[in-house]
Structures are given as structure tokens and as C-alpha cells.
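Please work through the exercises below with the structure open beside you, trying each task before reading its solution.

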Amino acid sequence: MKGLMKGLKYTLKNLSKERVTYAYPDEPLEMPDRFRGIQKFYPEKCIVCNQCANVCPTDCIDLTGKKHPDPNKKGKIIDTYDINFEICILCDLCTEVCPTEAIVMTNNFELAEYSRDELFKNLEWLDENDTNVRKENKA
Amino acid sequence: MIRTEEMLLNVGPQHPSTHGVFRIVLKIDGEIITDATPVIGYLHRGTEKLAEDLQYTQIIPYTDRMDYLSAMTNNYVICHAVETMMDMEIPDRAEYLRVLVMELGRVASHLVWFGTYLLDIGALSPFLYAFREREMIINLLNEISGARLTFNYMRVGGVKWDAPDGWIEKVREFVPHMRKELAGYHDLVSGNEIFLNRVHDVGTYSKEDALAYSLSGANLRCTGVDWDLRKQEPYSIYDRFNFNVPVTEKGDAWSRYQCRMAEIEESLKIVEQAVEQFPSEGAIMAKVPRIIKPPAGETYVRIESPRGEIGCYIASKGKKEPYRLKFRRPSFYNLQILSKLLKGENIANLITILGGIDIVLGEVDG
Amino acid sequence: MMNDLLHSAPSLSNTLIFFALGASLLMIVLGFVTYAILAERKVMGFMQLRSGPNKVGGRFGLLQTVADVLKLLLKEDTIPKAADRPLFIIAPVLAFAPAFMVLAVIPFSDSLRFSDIGIGLLYYIAISGISTIGILMGGWASNNKYALLGGMRSAAQMISYEVPLVMSVIGIILITGSLNLIEIVDAQKNLAFIFVQPLAFIIFLIASTAELNRTPFDLPEAESELVAGYHVEYSGFRWAFFMLTEYVYLFAMASLTTVLFLGGWHPVPFLGFIPGVVWFAIKFSLVVFIMIWFRATLPRLRADQLMSFGWKVLLPLALLNIFISAVIKEIWF
Amino acid sequence: MSNDQEKPFSEMTEAEKAEAKRKAIEEAKRKAAEKKAAKEAGDSGEVEATGGQPQNEMTEEEKSEAKRKAVEEAKRKAAERKSAKEAEDSNAASEASGEDEKAKAKAAAVAKAKAAAAAKKKAAGGETSEASGEDEKAKAKAAAVAKAKAATAAKKKAASGETSEASGEDEKAKAKAAAVAKAKAAAAAKKKAAGGGATGSGDDEKSKAIAAAKAKAKAAAAAKSKTATGGPAANDSEAFEEKPSPNQPILDKYVKVIKDNLGEEILEDSYINRLGKDVPTLVAKRESYYKLAEFLRYNEQLYFEYLSELHGTDFETHMEIYSHLYSYKNQQSVALKVKVDRDQPEVASLTPLWAGANWPEREAYDLLGIRFTGHPNLTRILMSDDWVGHPMRKDYEPYDVEV
């Protein structure tokens, strides 16, 4: 009986304590700066080195480049850049290898969509996804 | 004439107490189990097969998904295996960070176990109390690694990030808080007569059985075997800390409970000491070639995860992908003894026993 | 007014009046159930450091249960193909009807009462036993193994705990010399029976919790073992009926506890200016709160422990209580 | 930290250009190299140019090479040649890199080499000096001399027995410090290098402490088994001598006990797995696998009552069962391997000996198709019962290519 009483006392004491739950989604959740959410892509920074696509463990990145429009400049610029969020595991390896920080992580984690097709993010979408970018990556 | 017959009861794969997609086919006579056949593999993702085509760094995020309650130890075991093969020296600061996150992860994992175990036994509140503290740990780990469960934090040769500003202080403050709350758990649960009746002398096995069935972790220590790889085969920097290995003798669900609860305290001790000794500066990565190619040969390392001995075998041909990668997944081994324990028990005890073994299905199925 | 009605000759208008009164009581009870469920969720939420329902009906979630009930009513009514159809349909009704019937004998206050029968307590206990059949029937008719196990557990549990439940109140019957609940309340005008019969109160509280299938005696449902026990195959409003049964019984049992041990509508000394109904409500709420509190704290017993506790601990204690009561009665009354 | 880490990347664009040029030169240099090897080497060269750790990488390779030499047969000579080539390549790469980077790397490498077991000392010293410029050579020599001194001191201490263990440690550390100081003086012009050396020595001492602790544990085990006589000091001195591994006596003991009881023919091979924490490894013959396992399980001197791990591997030429055994009684571990014919993969089950081998063997059957005779319930465990094929086999073709 003593143990039961102790337990009852514990719960009763907690009755008046402050709640610890988050009021999500009424209040947005603040994630720490390093949080790995949906990527943001800067097309102008990309040098089409393909490292992100190579390092991706799930092969969810597809990219193509084209010749630089300015004939005086060497190298390529990005043409298409797609991430398939059906299989992306947000491991952060793509941003880790990127030499120019053209792809960076944001703190946006709300990925749910009504259709699978919408999980296929293309270059425009990733370019526009510019909220909550990691502070240390903000140029 | 009353005729009784045995009944076949399918528990799982969708059942609230199997902690995932675990199925067990019971033959029951009334509520008494006469035979039990575990069926696993519903969460098999072929990590080992996938790893054959991946570079070592790319495998790390996959290990997060095995034992998803303590992904840090999984991260560590593969890094440790590769580092052992390449004979690497890990910088001190990195080692301390690793130990900190692994021990915090161990506490978090045990808290989940504590909560869900009590939920299995029918008490609702401990689950929420345990998750309150776990949330704090998860937030700490989120701050340092950028994810709440699938950390992908460690790298071969060190860790990905250094501790953010003030993180160490937060950890330092967390330890006394956790101690206080742990005392509360003991008030709430450990003395509760109903709980004691539920776990005493349930699912008892002997030391010999535990060894024969390759049990590890608290499942082994509850039979009186003083065995913790952190102590007996020190890896990383565990030999620098002063902590005990909780050992209980009876081998029943209650002694497993005691073991795990005491382990939380010991982990807190380690965290406390690691915070004290934490080097104020230093590198967090060893000098590592960017393409990691362990020499040809094979290695097997094992470390102590919250669930027991997690091992990693790598056979390398000197390439950047492993030739064969194999994880010794503690839950997989620990689960073997289940069908032996269940014979003659009733259904309520099935839940107590299964919960007491502390399995994570992601790990069982690999 | 009530007393006059009860003693008047039967007529058509009387019947109509009784029907209207019954219906209004049903509404009150349903209102109680609505807010008892909310209270349970809220209290448990607060105890578990959550806020509980807070979306539907303002920040206190006042309409949450209403929304839930509406959802249940709108849900598709499914009956498993292999189920025993007639039994499956009749089971929830059979479980619910007695739960409401027992309320007839509960006196809520000096004037608010619906019957005045001499064997009120006996009536309560006899009728409430019928619900077990409904639950067993539901478990059997579902043709599901979990449901069957839940139903069997429920039957075993109800029978085992009915015995100490009845035994524990025999002391009160001895002292008051009546089975009429109104007379029992009147006998507590000066001192509630909880002080005269503390042992009986504890036994009664435990046994009634078991009768209600509430934690720590929620074996028939046993979420973590039998998924949902006897109502695992039920959905929609049939399931709602089982839920309703549970909470109406909570209402009835809390009322009975108030009447038997807490002095019914009688006020605490010096606070007589507060009306009797309010006193009843306060005491009643206290009992409900204790039940919820238990649920938020305690783990579940195991079937065999439940049985041995009922037969080996509670029953001997109840018998002891009868003996002590008899001795006390012989000496003081 | 993140800045530190990112910097190499941002520098890399320039470095890559240089790298491309270098690649071309390299390509010309080694025509004989395989295409794949060439690519990999190029990759590693790329990092080295920026990361500033060419020697480091190289010593890794050499270490592995030395290890292998101690362990391996002629079979893998080809592989060795390959890795040697890689080493050459990385040398070439390092030559191309800047002077002070080299120096930095040198300091680190020296520290590393010291910390590592001295079995590879000569080789390492030789090759590093080869690879580097004139004054580096001198430095390396100085370091080598210091090391030799330390080694002799350690040996002396070792001779004086166990009691002086602590002081021996001390003196060794001092010798180490002196050596580092020498290296520092040599590289005094480059402050950074000196700093690196200092931290390196700090690490060294710590690792020493760890090594000592480990050695102690090992020594305790050894004392129990009454075979090892040297104690920790002996272990340390072993490391400085050319002796292969501290676990060698343990392995010798196992082999002796096994051969005494079961005859000479029972083992196919036995060696220390250098890459796997020096675990003694026994390779059984397929016919006598069960007999050997049974002996390991029940013999009083061995008594491996715990099966830590069992799994199979498809090596294309053959299958292999690897099991890691542990004896709580004697606090020692052993790896037991057996080779299985790939076309007729059949081997005795260990489940009668260790109940814990049940599921791992089912897993090996499921994923590799190895049949374990005497297993109580050899069915698929992870894949569904109607699965076609055994996924972990190297020639496995998925039934549905898309999945």
C-alpha cells in the first residue's frame, strides 16, 4: 500500500505543475540552427560538380548542367536539379560535400503532401524555399 | 461434455505491445501459452545488402535506422570498425563528444523503454513523464546533430559538428534535473505493489541460459554476469570514467528493470564526468583521407549499446565500399530466448516478458 | 413533488410525467457522461503534464466529447462477416440498458428521487449484474479471439468482485436495518458511514473499481494485451454504447458510493445553507476524481492476481467487516 | 569547427585545377596501373593536396601492408602490389603539394608513427624519408634515433620486470617528449608544425595510457591462463621489438591445446587478425568444424560459452562462416572461421552447442543459402517464405529489378 500511496502522491503533485507539451501547430516549432530540413538550392552558386548526387546514399538527387551561356567563361551552370523527397532521408551529406554551398539545409520540416507527385521538388521549388536557412550558411 | 481445445492466436504484426511490426503466433489453452513462434522480418530493409554499394560515410545514415532509439551507438559502431581497420587516432575532443552523445542516447533509450514498459503493464502516466525527460535529451541531441532521431552525427575519424555554444552547459544542467526526475520515477513506479507483483518471478532464466542464448546488455546482467563492454573491453575513452556496472542476480523481469534503471544513473555519472573533463579545445576530426578505404582484410568490433552488444563486421577488399558489412544486432539475438520463456505463461506475462527484453524492431529485422 | 408523484395512483398522465422525467434524467446522465469523459481526459492530461483536449469548444475543449459522439454516430456501422449477427447487435443494448436502469433507485437529494423501493440496494446489485451478460455476449458474438478472451475475463472478474462488493455493504445494512437507499442516507444525518465503516469503504471502492472495469482492473479491455478486449470488433455507435455503458456505470457507482458512505445529500456540519443537490454533486465528483486519479497512476493487475486478490484478500476482509459490524451493532446500537 | 571543415572545400576549386594537372602527369608516370586503381588514387590525391596529410594516408597504407605481410599468404600479393602502387601515387601527390604543408604533415606523421606499434617503424621511416626533401630526411632521422633510444630504454625497463612498469612508462614518455622536442627544433622555422607536434605528443601520451590499461587487462587474462609470463612491460617491449602481436601467445596456447587434443590436422589455419583488435582467429576444416566448435565450447582451458556473433559471407570463391566466441570464464575471445564450398554450401550447425546460434544460422541460410545440418528449424527468417534466391550472395539477381 505504501508504494501505491507514493505513486498517487506523485501524480497528484503533478496535477498542478506547468504543462510541458508544445502547442504545435498553433505555435511553430523552433528548431535549432543545425536542424536538417528541406534543402534550399542556389542555382547561381552551383558549379555542377555532381558531388551531391554522388554522395547521396539514396540516389534521390538528379541534376543536369549546361554550358555556360557566356562563351568567355569556362565551366557549366545548372540546368535542372530535382530532389525526390519520397526517398530523401535528409542525411545532410549533400550539403556537407557541396564545395560552394549551393545546396544548404533549411529548418523547414513540414514535408507532408497530399500527393506523391508533390514530393518531387524541382529547381524552382528548391530555389524559392528560402525561409529558415541555416544561419551559418547564409551568405 | 465440455470440450476444450487449443486456440491459435496471432499477436501482431499490428498490436500495441509489440513495439513495431513483430508477430508472434501463440498456441493458447485458455490464457496459458503452450507454444510460441516469433515471426520477424516485417521491417527488413536489407541494410547489409545496400551497404555493399555504398561508401562508408554513406552507410552511417543507414545505421541510424536500425536501432532508432539509440542511433548514436549505431553510428559509433561502424565508425569504430572502420577506424580499427585503419588504425586511426581519434582526437580527444571528438571522443568526448562521442561519449557524451552516446550516453545521453543511452539514457533516452532507457527512458523510452521505461515508459513503454509501464504502458505495456497498464500504467499510462510513466510513459509521459519519461518522455518529458527524453524530449530534453532529444532536444540536446537535435542541437548538436541537427536531427531528433536519425542523427547521422559521427564520421569515420571523429564527429560531424562541434558542440554548439552553451551546449556543454546545458548538458551539465540536465544531469541533476534528470537525477531528480529519476527519483520521481522510483516514487511512482518502483515501489508500486501492483507493478512489483507483475514483474517479480516473471520470465526468469538462468545465467547458463542467458549465455547459451547469446543474450547481452541488461538481459545478461540481470542474471549476475558482470559484463559490460564499456568496462571489460574499453573502447573509445570509457576507461577514463569512473562508473559501475549494475548487476542483479535473479534473472526475472524485475531484475531487468532494476538493471536498466540503475544504468540510467551510471550513464548520468559518465555524462557528468565527461562534461567535467571535456577538453576546452581541439580538433573534432582526425586526419582522414576523403575517400575512406580501409585496408583489405576483415574486422569485428563490438560495443555496448543500450540493448546489449552491438557488433560490426567488415570485410574489406581495400575498396571504398565494404565487401561485406554485417551488424550484430543485439535485439535480434536477445529475442531468441522469447519462445523458450513463454511456454506455460499467460498472455499478460507475454507482454511483460516481451517488453522486458527491450527490443527495437528496426534492429531485429536489420 | 416527487414523493407525491410516487405515491399517487397510476394514470396516463402519471406515466407521461414519469416518462418525461426519465427522459430528462437520461439527458442529465448523458450530459454527465459527456463531461465525465472530458474531465477524465483533462484531469489525466494535467496529471501527465499535457493540456488534454483544447481544440473543439474553446480552450477547455468543452465540445470535444460532443464532436466525438457525432463522429461515432456518423461512422459506418460494420459487423464482421463471421460474427453472430443478432447477438452482435443486441449485446451493446443489453450492456447499456441495465446501466441506466440502476439509476432509478439512486436518491440524488431530499426531493430529487425517482423511486422509493424497500430493496433499492438489492435492486441495484441485481440489475447491474446483467451488463456482464451483454459484455460476454459482445465478446462471443464478435467471433474474434481477443474479444472472446476479453469477454471471458470480464465475466470472471465481475462475478469475483460482485461478491466482496455485496459483502462490504452488509455492515451498513446491519447498522441501518434497511435496504432502502433513502433510509441509508437518512441514517447518516450526523455521521457518514465512511467513518463508521472505513474498512467497508475501502473494500467497496476497490471492488467497485473492478466492477467498472477501470484501471487497475481494466483487464477485459487491456489495451496492451487484448488490444481492446470485448469491443475490439465494434465501431460506430455500437461501440459508443459500450463506452456509454462504462461511463453511466461510473455515474451510478459514484452515486452509490456517495449514498452509502459519504452521506448522500447531507451537508458537512455548519455548511447547511448549501443545497443538498450541490453537496451530492461535490461528494460525487470527489469519487469520480479518485477513480480518474487511480487510472492515471496505477498499472494493471494480471488475471490470476486479480482473482486471488478478490477471493483471498477482499472477501475475507469483507467477512471480517461483517463480523466487526455485528459486534459494534450489538454493543452500541 | 564548421568553418574549418568548410574551408578545404572552398579552397578546393583551385586545388582541383592543380589536381587535374597533376593527374595528367601521374597518368603518364604510371601506365601500367589499372584504370580503377588509378581513379581511386587520384581521388585520394585530391584530398591530400588540400587536407595536408599525405604521409598520414601513406603510413596507413604501409601499416596495412606490414600487417598483411605478417599475416597473409602469397594469395594476396597482387593486392599488395596494387596498394603499393597507390602509396607511390600518393607520394607523387605529396611532392606536388606545398612545402610547409609537407612539414606539417611530417610532424603529424612522426607523432603518429611513434604512437603506432613499432613493428612498422623501419618501413615507415624509410619510406617517409624517401618521399620527402633533404632537411625532412634529417628530421626523420633524428626522430628515428630518438625512437630507437626510447625503444632500448623500454627494453631495459622490460627486463627489470613488472614492478617498474610505471617508471618505465614515465621514462618512455620522457624519451618521447625529447624526440618530439628534437623534431620541433628541426622545424623551428615553421611554428605551425611545431604546434602540431606538441598536440601530437599530448595525444600520444593519452593513447599510451589507454594502451597501458588495455595491456593490464590483457595481462590479467594472461596470468590467469598461466601462459604469458612477461606482464605488461613485456607486452610493451614486444610492441617495440619485431614481435607480431600481444595476443600471439594466447593464439599459440589455443592452437597448442587444440592440437594436443584433436590432432595436428584439425586446423586449416590460425592467425592473429591485425585489423580486428588482434583477435586470435582459427580457421577450421569443414569436416571437423563441429568437432572443433564442440571442443572450444567445452574444453576447460578454452571454454567459450558465449557466441557473440555468427554470420556468413560470400567471397565468390567460397563461402565463409565467421563466428566470434567469448569465454566469460577465462575472459578471452576467439574468432572461428570455416570455409564452405560455394556450390554445395553445407556445414554443421552450431545450435546444439550454443542455442544462440539458432537465428543467426537461419539468417545465414536466408540471405546466403548456406544449409546448416542439424539445425532444428532451418527456415527463412528475414525474407518472406516464398522469396526466390538468397539476397546476400554476390550473384543474386533481384526478382523484380525495379524494387
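**Exercise 1. Find which residues Tyr35(C) is in contact with, leaving aside its neighbours within four places in sequence, and place them in their surroundings.**

Solution. In this predicted model, once the neighbours within four places in sequence are left aside, Tyr35(C) is in contact with Leu62(C) and Leu63(C). Tyr35(C) itself lies in helix α2 of chain C, which covers residues 12–47. Although Tyr35(C) and Leu62(C) are 27 residues apart along the chain, their C-alpha atoms are separated by 7.9 Å. Tyr35(C) has a relative accessibility of 37%, and therefore counts as partly exposed, a class that lies between the cut-offs of 20% and 50%.

**Exercise 2. Determine which helix gives the most to the nonpolar surface patch of chain C.**

Solution. Begin with the membership: the patch includes Tyr35(C), Leu62(C) and Leu63(C), together with Val56(C), Phe60(C), Val66(C), Val69(C), Leu70(C), Leu73(C) and Phe237(C). Together these residues have about 840 Å² of accessible area. Next, assign the residues to helices: the most is given by helix α3 of chain C, residues 64–74, with 4 residues. One residue placed in helix α3 of chain C is Val69(C), which counts as partly exposed because its relative accessibility is 41%.

**Exercise 3. Check whether the span of helix α11 of chain D agrees or disagrees with its number of residues, and describe its burial.**

Solution. The helix runs over residues 248–262 of chain D, so its 15 residues, at 1.5 Å a residue, should span 21 Å. The end C-alpha atoms are 21 Å apart, which agrees with that expectation. Turning to burial, the buried residues of α11(D) are Ile250(D), Leu251(D), Lys253(D), Tyr254(D), Val255(D), Val257(D) and Ile258(D). When reading such a list, recall that an α-helix has 3.6 residues a turn, so residues three or four places apart point the same way. Just after α11(D), Gly263(D) takes a positive phi of about 95°.

**Exercise 4. Decide where in chain D confidence is lowest and where it is highest.**

Solution. Take the whole chain to start with: chain D averages a pLDDT of 60, and 38% of the residues score at least 70. Within chain D, the lowest confidence is in helix α6, residues 121–131, at a mean of 40, while the highest is in helix α13, residues 358–368, at 89. Two stretches then deserve a look. Over residues 1–13 of chain D, pLDDT stays under 50, and the model has 19 contacts beyond four places in sequence for them. Over residues 102–138 of chain D, pLDDT also stays under 50, and here the model has 60 such contacts. Where pLDDT is low, the predicted coordinates should not be read in detail. For the model, the scores are ipTM 0.82 and pTM 0.76.

**Exercise 5. Classify Glu266(B) as buried or exposed, and name its contacts beyond four places in sequence.**

Solution. Glu266(B) is placed in helix α11 of chain B, residues 253–277. Its relative accessibility is 9%, so Glu266(B) counts as buried, the cut-off being under 20%. Beyond its neighbours within four places in sequence, Glu266(B) is in contact with Phe243(B), Asn244(B) and Pro246(B).

**Exercise 6. Repeat the classification for Asn74(B).**

Solution. Asn74(B) belongs to helix α3 of chain B, residues 71–86, and at 0% relative accessibility Asn74(B) counts as buried. With neighbours within four places in sequence left aside, Asn74(B) is in contact with Thr63(B), Met66(B), Asp67(B) and Ile310(B).

Definitions and conventions:
Residues are numbered from 1 along each chain as its sequence is written. Chains are lettered from A and ligands numbered from 1 in the order in which they are written. This is a predicted model: local features need pLDDT of at least 70, side-chain atom pairs count only at pLDDT 80 or more; totals for chains, interfaces and linings use all residues. Side-chain values use heavy atoms; hydrogens and water are left out. Helices (H or I, at least four residues) and strands (E, at least two) are DSSP runs, numbered from the N terminus. The expected span of a helix is 1.5 Å times one less than its number of residues. Buried means under 20% relative accessible area, exposed over 50%, partly exposed in between (1.4 Å probe, protein chains only). Patches are made of residues with over 30% relative accessible area and no salt bridge: like charges are joined within 9 Å, nonpolar side chains (Val, Leu, Ile, Met, Phe, Trp, Tyr) within 5 Å. Accessible areas come from the Shrake-Rupley method with a 1.4 Å probe; for residues, only the protein chains shown count as cover. A salt bridge is a side-chain nitrogen of Lys or Arg within 4 Å of a carboxyl oxygen of Asp or Glu. pLDDT is the predictor's confidence in each residue, from 0 to 100. Contact means heavy atoms within 4.5 Å.
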